[in-house]
Amino acid sequence: MAEERSSSADLNPFSDKYFKTFLKWSFPPLICAVCFFFQSVMLHMTTVKYVLLHDKSPLHDDLGHELFKKETVAMKVLDALSVAPPLLVIVGILLLRDARLWAKVFFSNAILFVLKGLFDWMTVLPDSIGFGACKERLGDEPLKYLERMGQLSGTEYFSALLELELYGVGKVRPVRYCADMLMSGHTFVTVLYMLALADLVRRITILMPPIPRVIWRISMGIFAALCVGADLYLIVKTRFHYTVDIVMAIGITLLIYTNAGMALLAQWYASDGKRNSAEADIVWLPAILIPFCCLHGYYSVREMEDQQVADLQANNESSTWQWLTETFKTSSEESLSPEQANRCRAMEVRRQPQRVRLKSRDRSDSDGMPHRYRQ
């Protein structure tokens, strides 16, 4: 009877197990949504600063704008290119039930949202499409509202800003932005989720034979390059961003997604907050990560004790490190508690046999005869 009750409790969708699982998988998207709201607030504050500028003319001498002639492309096309990769990644992760990759993608996206909002607000660049096209994008009523906001200060300003975020202006909701230049949002969303999709494909193809594995990985690389390339080409052609916004978005997205700290955070979250879990943290270096292309692949990351780091440093045979060790050894031992001092002495005793073996090996190598053959 007890076993039947426990099995029925496991199948109950309202049990603690399912509720905790729901919370675990809901938190990363929730954090991402909060950071997107923060980005929206910062970009509307940036738009207010932009409409009050005296000189709103776009910057000149942009490489991408010089290479490609300006053309008009519907915003729905750019939005579709940015929405398709996240949908594919979300479905793939849920099918594989990979909580670590789920957390990594949404936490990376959250950081990118925050960075974009801060970058644009810190330094207001004139909109690349010009103020005339910006007014058409905003509309007359939202533009007047933003101009009035620029005359407010203190609580009145933030009250008007909150009303803009929650209710829009008149029948316009949501209100779009202007001068949201630094880091192209379309670009970093497309690149981030294409990286995650390539990561998923690479993991799945591990189970395949060598030839199909190579074919699938090359096909995925070509597909990702075409999607990202099309996104970048359309953004430059429509003058939706400056070239530096696109390049900056690609570089920062690669650095965040392949960062060891992000891998540690994702593993910590997936293992229910266990910092020193038995499973090593996975860092993936894609082949596109220039100039580290030759080092592409998966790597494991583990936390090390201070003494392990000190032992590795001692292997460099640095006289300066030896002098520092002798100088600070006495003072550090005096500051240790009795339990810590005993632990350090025990570790020192365990390391002594290894040092003796190394010394005996060095003596045997000096005369060219193995030590075990000596009389």
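By class, the residues that line the second largest pocket of this predicted model divide into 14 nonpolar, eight polar and seven charged. The lining comprises 29 residues in total, and those that lie nearest the centre of the pocket are Phe-36, Gln-39, Arg-176, Tyr-177 and His-186. Around that centre, the second largest pocket encloses a volume of about 750 Å³.

Several helices contribute to this lining, and the elements that give two or more residues to the second largest pocket are α2 (16–51), α4 (75–96), α5 (99–122), α8 (154–167) and α9 (185–205). Of these contributors, α2 gives the most, supplying six residues to the lining of the second largest pocket.

From the open pocket we can turn to enclosed space, where a search of the whole structure finds one cavity of 30 Å³ or more. The largest cavity holds about 50 Å³ of space, and the residues that line it are Arg-100, Leu-101, Lys-104, Arg-203, Ala-263, Ala-266 and Ile-282. Sorted by class, this lining has four nonpolar and three charged residues, with no polar residue, whereas the lining of the second largest pocket does include polar residues, eight of them.

The helices behind the cavity can be described in a similar way: α5 and α12 (260–270) each supply at least two residues of the lining of the largest cavity, and α5 gives the most, with three residues. Helix α5 is also one of the elements that give two or more residues to the lining of the second largest pocket, although in that pocket the element that gives the most is α2.

Methods: Residues numbered from 1 in each chain as written. Predicted model: local features only at pLDDT ≥ 70, side-chain atom pairs only at ≥ 80, totals over all residues. Heavy atoms only, no water. 1 Å grid on protein atoms, 1.4 Å probe; cavity = no way out; pocket = protein on both sides within 12 Å on 5 of 7 lines; lining within 4 Å. Points joined across faces, edges and corners; volume = space filled by probe spheres on them. Helix = DSSP H or I, 4+ residues; strand = E, 2+ residues; numbered from the N terminus. Nonpolar A, V, L, I, M, F, W, Y, C, P; charged D, E, K, R; others polar.
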